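Me: I'd like to learn how to read a structure like this one, feature by feature. Could we walk through it together?

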Amino acid sequence: MKKLKKVYAIALAAVLGFATIACGAVNEDAMIDDQAAVRGLDEGVGEIYIDDEAIALAGTTTSSQAATDACTAVFNLMNQQRAAQGLPALAWSQALTNAAQVRANEITQSFSHTRPNGSAFWTVDSNVQYGENLAKLYQSADSVYTAWMNSPTHAANIMDAGYKTVGIAICQTGDGSWYWAQEFGY
């Protein structure tokens with residue numbers, strides 16, 4: 001992990017800013033974990049982490065149209081639900097999408113809010129990451145969104161009035177399985 005004073009944004013060249021990457025094969029039962037992750041506002045104050053190597057890899061990804069459409073659909077479902085509850089819409093964040101792409105890839109190795117190197121989820125880009133929802137093996141926007149909304153901690157992230165931005169990414173494994181990461185910011 002590198003501590004940096006400057007942050008360089010890397011834009012993904014994907015339709016509507018949504019992207020997916022191809023990853024190694026893992027075959028487990030579809031699931032979300034019981035807990036979403038939240039970073040406290042005071043957690044990591046004064047320290048900036050940008051995992052340049054991981055972000056650079058996210059910037060080289062390719063996208064399948066089905067996964068791009070699924071990320072767009074989840075984004076729309078979230079904002080429809082938020083509007084129905086009188087909450088403002090979340091804005092799409094390319095920085096959070098880059099971080100989500102890294103996290104979606106990482107959870108194929110270790111399905112956890114802790115990164116494979118043992119650091120916290122938000123160390124991919126500590127400037128923007130404050131909440132995280134993960135899921136694996138859901139092959140549609142409707143199924144993953146329903147699972148997240150049926151989990152109190154995941155639904156709390158989606159409906160948190162404090163969050164203003166979101167990024168969503170899918171890592172597609174060689175066997176066609178989808179691993180989802182949804183990152184939230186202020």
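**Starting from one core residue**

Reply: Gladly, and keep in mind that this is a predicted model. Let's begin with Met 78: leaving aside residues up to four places away in sequence, Met 78 touches Leu 90, Tyr 145, Ile 158, Val 166, Ile 168, Gln 182 and Phe 184.

Me: Which residues have the most contacts inside the largest nonpolar core, and how many residues does that core have?

Reply: The largest nonpolar core has 24 residues, and Val 74, Met 78, Ile 168 and Trp 180 have the most contacts inside it. Two or more residues come from each of helix 2 (65-84), helix 4 (141-149), helix 5 (152-159), strand 5 (165-173) and strand 6 (178-185). Helix 2 gives the most, with six residues. Another core lies apart from this one; it has nine residues, including Ala 100, Ala 104, Ile 107 and Cys 171.

Me: What is the overall layout of helices and strands in the chain?

Reply: Read from the N terminus on, the elements run β-β-α-α-β-α-β-α-α-β-β, which comes to five helices and six strands. Buried residues make up 50% of the 186 residues. For contacts with a separation of 6 or more, 79% are between residues 24 or more positions apart.

Me: Let's take a strand next. How many residues of strand 5 are buried, and which way do they point?

Reply: A useful habit is to list the two faces of a strand separately. In strand 5, Thr 165, Gly 167, Ala 169, Cys 171 and Thr 173 point one way, while Val 166, Ile 168, Ile 170 and Gln 172 point the other way. Both sets are buried, so the count for strand 5 is nine of nine residues.

Me: Which strands pair with strand 5, and in what sense, parallel or antiparallel?

Reply: Check each partner in turn. Strand 3 (residues 91-92) pairs with strand 5 in the parallel sense over two bridges, and Ala 91 stands opposite Thr 165. Strand 6 runs antiparallel to strand 5, and eight bridges join them; there, Tyr 179 is the bridge partner of Cys 171. Strand 5 and strand 6 form a hairpin with four residues between the strands, where Gly 176 takes a positive phi near 90°.

Me: Now a helix. How does the span of helix 3 agree with what its 13 residues should give?

Reply: The check uses the rise of 1.5 Å a residue: the 13 residues of helix 3 should span 18 Å, and the end C-alpha atoms are 18 Å apart, so the two agree. At the N-terminal end, Ser 93 caps helix 3, with a side-chain oxygen 3.4 Å from the backbone nitrogen of Ala 95. Helix 3 is mostly covered, as 10 of its 13 residues are buried. Among them are Leu 96, Val 102, Arg 103 and Glu 106.

Me: Arg 103 and Glu 106 are charged residues. How are they placed in helix 3, and what do they form?

Reply: The general idea comes first: an α-helix has 3.6 residues a turn, so residues three or four places apart point the same way. Here, Arg 103 and Glu 106 both lie in helix 3 (residues 94-106), three residues apart, about one turn. They form a salt bridge whose closest N and O atoms are 2.8 Å apart, and both residues are buried.

Me: Which other salt bridges do these two residues take part in?

Reply: Glu 132 forms one with Arg 103, with the closest N and O atoms 2.7 Å apart. This pair links distant parts of the chain, since Glu 132 is in strand 4 (residues 131-136) and Arg 103 in helix 3, 29 residues apart. Both partners are buried. Arg 115 forms another with Glu 106, where the closest N and O atoms are 2.6 Å apart, and Arg 115 is buried as well. Through shared partners, Arg 103, Glu 106, Arg 115 and Glu 132 are joined into one network. The structure holds three salt bridges.

Me: One last residue from strand 4: why is Ala 135 called buried?

Reply: Compare its relative accessible area with the cut-off: buried means under 20%. Ala 135, in strand 4, has a relative accessible area of 0%, so Ala 135 is buried. Its C-alpha atom is separated by 9.6 Å from that of Tyr 145, 10 residues apart along the chain.

Key: Residues numbered from 1 in each chain as written. Predicted model: local features only at pLDDT ≥ 70, side-chain atom pairs only at ≥ 80, totals over all residues. Heavy atoms only, no water. Salt bridge = Lys/Arg side-chain N within 4 Å of Asp/Glu carboxyl O. Buried < 20%, exposed > 50% of the residue type's maximum accessible area, 1.4 Å probe, protein only. Core = buried A, V, L, I, M, F, W, Y, C linked by side-chain atoms within 4.5 Å. Contact = heavy atoms within 4.5 Å. Pairing = 2+ DSSP bridges. Expected span 1.5 Å × (residues − 1). Polar contact = N/O pair within 3.5 Å; in protein donor to acceptor, adjacent residues only side chain to side chain.
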